[in-house]
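Take a walk through this fold, one region at a time. Keep the sequence and the 3D view side by side.

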Amino acid sequence: MHIDFLSVLPEIFEPVMRLGVVGRAATEGRFTWRAINIRSFSTGRHRMTDEAPFGGGAGMVMKPEPLVSAIRWASAHGPDVPAPPWDAVDTPAPSTREVREGRRVVLMDAAGPPFTQETARRYAALEHLVLVCGRYEGVDERVRAHVDELLSIGDYVLTGGELAALVVTDASVRLLPGVLGNVASTLEESHSGGLLEYPQYTRPRDFEGALVPELLLSGDHAKIGRWRRQQALVRTRALRPDVFSRLTLTEEDQRLLDEADGKPPPPRRKRSRRKAS
């Protein structure tokens with residue numbers, strides 16, 4: 001997998017992309033990345049990437065020419081080609097964007113659908129992900145015709161799309177094969193199965209009078225698994241009712257919730273016996 005960041009502040013990515021799980025994955029060759037300065041594709045003495053909006057209004061809007069040129073360049077050049085310097089005399093870009101299966105160009109935009117764990121899984125299956133980071137009051141509307149999709153990480157405003165792009169990268173890269181030592185970690189964590197993760201405990205057993213549930217010390221993995229499922233259901237219902245409302249509960253899930261609520265179990269149906277003829 002290869003990830004391209006398109007930004008007017010490419011220096012933001014270097015410190016984060018060299019640390020932690022993501023940094024280790026890059027060092028091990030699990031994926032590659034490149035930060036491309038949008039200014040490399042602007043012209044003029046000051047390499048401007050923004051202008052005042054037509055019709056007036058506060059703030060500046062990112063110009064379409066450098067952004068679209070950067071998108072086309074990233075689509076045409078593989079990970080072995082270094083990003084052009086921002087002060088290059090001329091950075092040629094193709095006249096059209098190469099559309100290829102396995103690549104998505106994503107504009108970080110507040111108007112896009114919210115980023116979810118399912119989106120992260122979809123991106124982790126790609127060969128090439130291009131994350132376009134806007135700034136200022138946004139990007140020229142005509143840029144949207146040159147991306148595959150818009151994406152938002154929440155209903156709030158950031159000064160730029162760079163932090164959002166890093167969130168998307170972290171959530172997606174950790175799903176790549178071999179990045180996490182324990183594959184089960186990605187299967188049992190919050191949102192992977194539509195639920196929040198169950199409560200976790202480690203040593204010491206007694207922390208200032210707060211004890212680890214005795215069941216977790218029993219070694220009975222069947223009962224522990226049932227307890228964890230119950231706690232995940234209860235926690236999701238309490239903390240994220242919006243997520244809980246979208247769940248399709250099994251009969252066992254409902255029994256677990258009823259048990260947690262102190263409701264008596266429903267009477268079992270008696271099997272009818274057929275008389276032998």
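Tyr136 is partly exposed, because its relative accessible area is 37%. The model is predicted, so read every value here as computed from it. Tyr136 sits in the loop between β6 and β7 (149-151). Its backbone stands out: phi is positive, about 60°, although Tyr136 is not a glycine.

Arg47 also has a positive phi in a residue other than glycine, near 50°. Find Arg47 in the loop between β2 and β3 (50-51). Is Arg47 buried or exposed? Its relative accessible area is 10%, so Arg47 is buried; the cut-off for buried is under 20%.

Now go back towards the start of the chain. Val8 lies in the loop between β1 and α1. Val8 counts as buried because its relative accessibility is 5%. Which residues does Val8 contact, once its neighbours within four places in sequence are left aside? The list holds Asn37, Ile38, Arg39, Thr49, Met62, Arg135, Tyr136 and Glu162. Tyr136 of the β6–β7 loop is thus back in view as a partner of Val8. Ser40 is 32 residues from Val8 along the chain, and the two C-alpha atoms are separated by 9.1 Å.

Next, the interior. The largest nonpolar core has 29 residues. Within this core, Phe13, Phe31, Trp33 and Leu131 touch the most other members. Several elements give two or more residues to the core. The strands among them are β1 (2-7), β2 (32-37), β5 (103-108) and β6 (128-133). The helices are α1 (13-17), α2 (20-27), α4 and α5. Which element gives the largest share? That is α5, with 6 residues.

Leu131 shows how such a residue is surrounded. Not counting residues up to four places away in sequence, Leu131 touches Ile3, Asp4, Phe5 and Leu6, along with Val106 and Met108. Leu131 also touches Ala165, Val168 and Thr169. Apart from the largest core lies another core, of 20 residues. Its members include Leu67, Ala70, Val105 and Leu150.

Turn to the helix pairs. Two packed helices are described by the angle between their axes and the distance between the axes. Start with α4 and helix α5 (residues 162-173). Their axes come within 8 Å and cross at roughly 75°. Angles of 65 to 115 degrees count as roughly perpendicular, and α4 and α5 are therefore roughly perpendicular to each other. On the α4 side, Ala120, Tyr123 and Ala124 make the contact. On the α5 side, Val168, Ala171 and Ser172 do so. By class, this contact has 5 nonpolar residues, 1 polar residue and no charged residues.

Stay with α4 a moment longer. Thr119 has its place in this helix, which covers residues 117-124. Thr119 counts as buried because its relative accessibility is 9%. The side chain of Thr119 makes a polar contact with the side chain of Thr116, at 3.0 Å. Leaving aside neighbours within four places in sequence, Thr119 is in contact with Pro114 and Leu151.

The second pair is α7 and α9. These helices pack at an angle of about 75°, with their axes 9 Å apart. That angle makes α7 roughly perpendicular to α9. What does each helix bring to the contact? From α7 come Arg226, Arg229, Gln230, Leu233, Val234 and Arg237. From α9 come Glu252, Asp253, Leu256, Leu257, Glu259 and Ala260. By class, the contact of α7 with α9 has 5 nonpolar, 1 polar and 6 charged residues. The α4 contact with α5, in turn, has no charged residues.

Look closer at helix α9, residues 251-260. Asp253, Leu256, Leu257 and Asp258 are buried there. The buried residues of α9 pack against α7 (221-239) and also against α8 (241-244). Just after α9, Gly262 takes a positive phi of about 80°.

One last backbone feature remains. The peptide bond from Arg203 to Pro204 is cis, with omega near 5°. Pro204 lies in the loop between α6 (184-188) and β8 (206-207).

Technical notes. Residues are numbered from 1 along each chain as its sequence is written. This is a predicted model: local features need pLDDT of at least 70, side-chain atom pairs count only at pLDDT 80 or more; totals for chains, interfaces and linings use all residues. Side-chain values use heavy atoms; hydrogens and water are left out. Helices (H or I, at least four residues) and strands (E, at least two) are DSSP runs, numbered from the N terminus. Buried means under 20% relative accessible area, exposed over 50%, partly exposed in between (1.4 Å probe, protein chains only). A polar contact is a pair of N or O atoms within 3.5 Å; within protein, one must be able to donate a hydrogen and the other to accept it, and residues adjacent in sequence count only if both atoms are side-chain atoms. Contact means heavy atoms within 4.5 Å. Axes are lines fitted to C-alpha atoms, for helices over the stretch in contact, and angles run from 0 to 180 degrees between N-to-C directions. Angles under 35 degrees count as roughly parallel, over 145 as roughly antiparallel, 65 to 115 as roughly perpendicular and the rest as oblique. Ala, Val, Leu, Ile, Met, Phe, Trp, Tyr, Cys and Pro count as nonpolar, Asp, Glu, Lys and Arg as charged, and the others, Gly among them, as polar. A nonpolar core is a set of buried Ala, Val, Leu, Ile, Met, Phe, Trp, Tyr and Cys residues joined through side-chain atoms within 4.5 Å.
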